[in-house]
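Student: I would like to learn how to read a model like this one. Where do we begin?

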Amino acid sequence: MLQKQIYIKNKKASHDYEFIQTFTCGIVLTGTEIKSLRMGKASITEAYCYVHNGEMWVKGMHISAYSFGSYNNHDPLRERKLMLNRKELAKIQEKLKDKGVTIVALSFYLTGRGWAKVDIALARGKKLHDKREDMKQKDAKREMDKVMKRF
């Protein structure tokens with residue numbers, strides 16, 4: 001089994017959104033982008049996805065310019081194409097018609113074979129009271145774990 005090595009994770013997404021369904025898709029990158037990613041120079045906190053002309057694109061994903069790159073270096077904030085099959089894309093487009101649903105990037109990783117993959121999710125924004133409730137649950141779980149470690 002191939003082990004995935006997660007380099008970049010969007011921790012803010014689980015705080016701000018409620019996930020409906022997740023997908024794993026490939027991403028089209030240039031050579032300098034891959035080299036920069038292997039050095040861990042990327043951020044997906046502000047990344048979101050959209051569908052245009054039957055293709056899925058990710059916008060707001062920041063991959064820093066490769067430090068040893070020449071004039072061929074990439075634009076750090078360029079829009080990148082995601083690779084999904086038609087059935088998945090049709091399913092996503094159908095769900096996007098619902099009010100308040102968006103697509104966010106959850107994590108980015110390279111597989112054991114060196115393929116770049118992005119986990120995306122159909123998500124609905126959380127209200128303030130939902131965020132507070134989640135924080136209360138996390139605190140309660142943390143306290144329970146503390147008590148259980150003592151025994």
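Tutor: Start with a single pair of side chains. This is a predicted model. In it, Lys 141 and Asp 145 form a salt bridge, with N and O 3.4 Å apart.

Student: How many residues separate Lys 141 and Asp 145 in helix α4?

Tutor: First the general idea. An α-helix has 3.6 residues a turn, so residues three or four places apart point the same way. Now the case here. Lys 141 and Asp 145 are 4 residues apart in helix α4, residues 128-150, so about one helical turn separates them.

Student: Is Lys 141 buried or exposed?

Tutor: Lys 141 is exposed, at 54% relative accessible area. Asp 145 is partly exposed, at 36%.

Student: Which residues do salt bridges with shared partners join into one network?

Tutor: Glu 33, Arg 78 and Arg 80 are joined that way. Glu 33 is also one of the buried residues of helix α2, residues 31-38. The others on that list are Thr 32, Ile 34, Ser 36 and Leu 37.

Student: What follows α2?

Tutor: Gly 40 does, and its phi is positive, near 80°.

Student: How many salt bridges does the structure hold?

Tutor: The count is 9. One of them pairs Lys 81 with Glu 55, where the closest N and O atoms are 3.1 Å apart.

Student: What does the pair of Lys 81 and Glu 55 tie together?

Tutor: To read a bridge, place both ends in the fold. Lys 81 sits in strand β7, residues 80-83, and Glu 55 in strand β5, residues 55-59, so the bridge ties together parts 26 residues apart in sequence. Now check exposure. Lys 81 is partly exposed, with a relative accessible area of 29%. Glu 55 also counts as partly exposed, at 29%.

Student: Where do Lys 59 and Glu 79 lie?

Tutor: Lys 59 is in strand β5, and Glu 79 is in the loop between β6 (62-63) and β7, so their pair ties together parts 20 residues apart in sequence. The contact is a salt bridge, with the closest N and O atoms 3.4 Å apart. Lys 59 is partly exposed, at 33% relative accessible area. Glu 79 is partly exposed too, at 30%.

Student: Which residues does Glu 79 touch, not counting residues up to four places away in sequence?

Tutor: Here we look past the sequence neighbours. Glu 79 touches Tyr 50, Trp 57, Val 58 and Lys 59. Take Val 58. Its C-alpha is 5.7 Å from that of Glu 79, although the two residues are 21 apart in sequence.

Student: And a strand residue? Is Ser 107 buried or exposed?

Tutor: Ser 107 is in strand β8, residues 101-110. Ser 107 is buried, with a relative accessible area of 7%.

Student: Which residues are in contact with Ser 107, leaving aside its neighbours within four places in sequence?

Tutor: There are contacts with Ile 8, Lys 9 and Ile 44. Ser 107 also contacts Lys 117, Val 118 and Asp 119.

Student: Next, cysteines. How many disulfides are there?

Tutor: Look at the sulfur atoms, and use a cut-off: a disulfide needs them within 2.5 Å. By that rule the count is 0 disulfides. For Cys 25, the nearest cysteine sulfur is that of Cys 49, 6.6 Å away. From the other side, the closest cysteine sulfur to Cys 49 is in Cys 25, and 6.6 Å is too far for a bond.

Student: Are Cys 25 and Cys 49 buried or exposed?

Tutor: Cys 25 counts as buried, at 1% relative accessibility. Cys 49 counts as buried as well, at 5%.

Student: Let us step back. How many helices and strands does the protein have?

Tutor: It has 4 helices and 9 strands. Their order along the sequence is β-α-β-α-β-β-β-β-β-α-β-β-α. The C-alpha trace spans about 60 × 40 × 30 Å along its principal axes.

Student: What share of the residues counts as buried?

Tutor: Of 151 residues, 31% are buried. The protein exposes about 10300 Å², and carbon and sulfur atoms supply 52% of that.

Student: What share of the contacts with a separation of 6 or more comes from residues 24 or more positions apart?

Tutor: Their share is 67%.

Student: Last, charge. How far apart are the mean positions of the positive and negative charges?

Tutor: Count both signs, then compare their mean positions. The protein has 31 positive and 17 negative charges, and the mean positions are 4 Å apart.

Technical notes. Residues are numbered from 1 along each chain as its sequence is written. This is a predicted model: local features need pLDDT of at least 70, side-chain atom pairs count only at pLDDT 80 or more; totals for chains, interfaces and linings use all residues. Side-chain values use heavy atoms; hydrogens and water are left out. Helices (H or I, at least four residues) and strands (E, at least two) are DSSP runs, numbered from the N terminus. Buried means under 20% relative accessible area, exposed over 50%, partly exposed in between (1.4 Å probe, protein chains only). Contact means heavy atoms within 4.5 Å. Accessible areas come from the Shrake-Rupley method with a 1.4 Å probe; for residues, only the protein chains shown count as cover. Lys and Arg count as positive and Asp and Glu as negative; His and the chain ends are not counted. The place of a charge is taken as NZ of Lys, CZ of Arg, CG of Asp or CD of Glu. A salt bridge is a side-chain nitrogen of Lys or Arg within 4 Å of a carboxyl oxygen of Asp or Glu.
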